[in-house]
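Reader: I am new to this structure. Please take a close look at the aromatic rings, and then describe the other parts around them that are worth reading in the same way.

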Amino acid sequence: MVPSNWWKTMFDSLYLRTDGDVVEDPQVTREEIGMLERDPAIKTVFLKGADKNQAGGKILDLCCGQGRHSLYLAKQYPHLELFGHDQSAYLIKIAQERARDLRRNQPLHRPPVFTVGDCREIPFPSSTFDLVMVMGNSFGYFADEDDDRAVLDEIHRVLTPGGVAVLDVTDGAYLRRHFEQRSWEWLDDGVFVCREREMSEDGLRLSSREVITSTTRGVLRDQFYRERLYSEQEIGQLVHNAGFEVLARPEAATDRTRTAASLTFAHDLSKRQEDLGMMGHRMIVVFRKTGPNPARQAELARVQTESPASDSSLTLEAATDSGKNDTQLKAMNRMSVAIPNVPKSNVAPVFDDLLLIMGDPAQPCFGKLNNTWNDEDILTRQKLVDALSEIGYWAKNLTLIERHETMYESLQSLIRTNPNRVVLNLCDEGFDNDALKELHVPAVLEILRIPYTGAGPNCLAHCYDKGLVNSTAKAIGVPTPKEVFHLGSRDTAHPAAAAAAAAAAVSGSDFREKSVSSVDKLFAAIRDEVGFPAFVKPIRGDNSLGITSYSIIRSESDLRHCLDSLRDLGIQDITAQEYLEGTEYGVGMIGNPERGFHFLPTLRVDFSKIVSKGLAPILGFESKWDPTSPYWSEVSYHRANLPPQIERQLRDHCVTLWERFGCRDYARFDWRCDRGDGDGRDGLGGTIKLLEVNPNPGWCWDGKLAYMAKMEGLEYRDVLKLILEAAKERIEAEALSPN
């Protein structure tokens, strides 16, 4: 039985061994790119920007694997902007490492950028690329042909008008004529592969069983896979139906009935010269975006017909905008959640009428996994709505505002009809899903004089900058890690530099002594002022973006590797802190100074399962956004068992930080001990130091705040109600204040 999603687990280190004679042979890659270069339309894209009179061509290497074509193009055409996208995290990691190695050895305008994700949902805006390549027989893997069409629809969307795409697929007609039921080959002296194949009755699908066996260790893997076989005519029709014009290949010019060129480099150049299966005889099909995509138009018409536009519904109001592309419409529909049309409880709502502001699912979201909205985001939104319905909110008194391009007008209109409305601001993605603009949402609310929950714009601006937070915390007596700054932008007017300099001025320290510009000086500063191991992270940031196992620095090569990884994300300004190796804690607070705080139980992070797997004990990007990572599933949380005096000291520090930065209604403060538990009982003498101040912390049902609440018997709905009650007390007090 062939699993429908066989391709999710197939492409790993064993794949590079079984297919390495093709996909890891530089000569094969060179010949494949050479064939593309002989096509005038593709060559035009390769040369775009070479004369520096225009921007370099943008190319997407879709289903890029370990990035062999992108990396080759980067060497030959350094002016190009190259992007690779593949579902295999293993192969993408290899591609990213090879891109870093390439950049060290060759100056590039911009190194290739590689992302992980499904080829049916490309994480880039419409009309981005001049060329999309699907090379190496990476098309036809899905069980349903509609999914193949979805891939072509996405290619159509991300291509510029007149943009070109190339599809490299196995020659289905050839395989039907030369079907081999069984074959085997030696990969090396100790490993061989046996394959058994079955052709479907209609000749459209080829199923294979592949048994990889070691002469010393036995069977290494017994796996199944299936591919859709397309003839030249079938693939041409599929491409045409997606709104493309198929271009004649130069190699096919001698036969005017053909538009595809045969690709047999793998067969001709393979060093093993054994069973090449579907890689031996392939077709190259080139096509151009010449008009609208029929599937997109049909989807748009359906959404416009079916989607209500009521502001009082959580069905996305943006779905009626005919200017949105099909993928945006799909994302908006996918992110829609069901709000009950009748109350689910008799609980009186804290506010009579609530406006809920959230991120915009019609736009990409940089910082999430693959910079897009994922299934976990849908579940999180639904859990939120369900919890709000349990505390008195339903379709009549809950309005969702998430279309950011019309947010200002929507708010104006809603407040005119009911000036007593209050905003529940849960837009931690930031305005236009830009985390740097998280403060813009409360700033708009301030301008419109609409009361809202959570921190104000000044607080969010300050706490977004870790250098500013730590410098300020140190100045008011809160323990912080030792650190130095590296402003990779080398721009003294840079906002990060200015903010850090301002913080240093407040604390009385000399910022210029803490800031270094070159990597060599940074390594020396870490060695002399911080010590190893060190921990490198962005000065500014959210969502743990840029925080990975690479962040732990023990050598100069570690440092360079980490900085290269951050530059790939567009991050240049960093702080290098002492690596706190002890226990990590979280303190959650709900309330305000005037009425007092509700301290949730202090949380302790348990990394024991992570450490047992040989992984670094950190809460990085993967722990928040990647459900396939052990950091997502193997990190657990428990109630901390700190002595009363230590607990009291931590809480006092939190109150001091709250008041200094101007937090409101709820916040979370993260701490970590430099060694041991910091409880005075383990004999290690550790000090618990500040990691981060989080105004408007994660509000989701499975976030730290919800975990803390559960430890004292509170449900998710109770947390939301406490936040709303704290906001109401503050808002009412502010209304009575003469200021």
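Author: What follows starts with the chain as a whole, turns to the rings, and then goes through a few other places.

This is a predicted model, in which local features need pLDDT of at least 70, side-chain atom pairs count only at pLDDT 80 or more, and totals for chains, interfaces and linings use all residues. Residues are numbered from 1 along each chain as its sequence is written, and side-chain values use heavy atoms, with hydrogens and water left out.

The protein chain has 28 helices and 26 strands. Helices (H or I, at least four residues) and strands (E, at least two) are DSSP runs, numbered from the N terminus. Of the 739 residues in the protein chain, 56% are buried. Buried means under 20% relative accessible area, exposed means over 50%, and partly exposed is in between, with a 1.4 Å probe and protein chains only. The accessible surface of the protein chain is about 31,300 Å², and carbon and sulfur atoms hold 49% of it; such areas come from the Shrake-Rupley method with a 1.4 Å probe, and for residues only the protein chains shown count as cover. Among contacts with a separation of 6 or more, 73% are between residues 24 or more positions apart, where contact means heavy atoms within 4.5 Å.

Now the rings. A pair of aromatic rings is described by the distance of the centres and the angle of the planes. Rings of Phe, Tyr and Trp (its six-membered ring) pair if their centres lie within 6.5 Å; planes under 30 degrees apart count as stacked, over 60 as edge-to-face and the rest as tilted. The structure holds 18 aromatic pairs. One of them is Phe11 with Tyr141, which is stacked because the centres are 6.0 Å apart and the planes are at 10°. Phe11 is in the loop between helix H1 (7-10) and helix H2 (13-18), while Tyr141 is in the loop between strand E4 (129-134) and helix H8 (145-158), so the pair links distant parts of the chain, 130 residues apart. Phe11 and Tyr141 are both buried.

Phe597 and Trp658 make an edge-to-face pair, because their ring centres are 4.7 Å apart and their planes are at 65°. Phe597 belongs to strand E22 (residues 596-599) and Trp658 to helix H26 (residues 644-661), so this pair ties together parts 61 residues apart in sequence. The two residues are covered to different degrees: Phe597 is partly exposed, at 23% relative accessible area, whereas Trp658 is buried, at 1%.

Phe11 and Tyr141 also appear in one aromatic cluster, together with Trp6, Tyr15 and Tyr225.

Charged side chains meet rings too. The charged end of Lys383 sits over the ring of Trp701, 4.4 Å from its centre, and Arg228 lies over the face of Tyr230, at 4.2 Å from the ring centre. The rule for a charge over a ring is NZ of Lys or CZ of Arg within 6 Å of the ring centre and within 35 degrees of the ring normal.

Two single residues come next. Thr453 is in the loop between helix H16 (440-447) and helix H17 (457-463), and it is buried because its relative accessibility is 0%. A polar atom of the Thr453 side chain lies 3.1 Å from the backbone nitrogen of Asn425. Beyond its neighbours within four places in sequence, Thr453 is in contact with residues including Val423, Asp665 and Arg730.

Glu584 is in strand E21 (residues 584-592) and is buried, with a relative accessible area of 5%. The side chain of Glu584 makes a polar contact with the side chain of Arg672, at 3.4 Å. A polar contact is a pair of N or O atoms within 3.5 Å; within protein, one must be able to donate a hydrogen and the other to accept it, and residues adjacent in sequence count only if both atoms are side-chain atoms. Leaving out residues up to four places away in sequence, Glu584 touches a set that includes Leu603, Phe607, Trp671 and Lys704.

Last is helix H18 (residues 466-475), which is largely enclosed by the rest of the structure because 8 of its 10 residues are buried. Among these buried residues are Leu468, Val469 and Asn470. Asp465 caps the N-terminal end of H18, with a side-chain oxygen 3.0 Å from the backbone nitrogen of Gly467. After H18 comes Gly477, whose phi is positive, near 90°.
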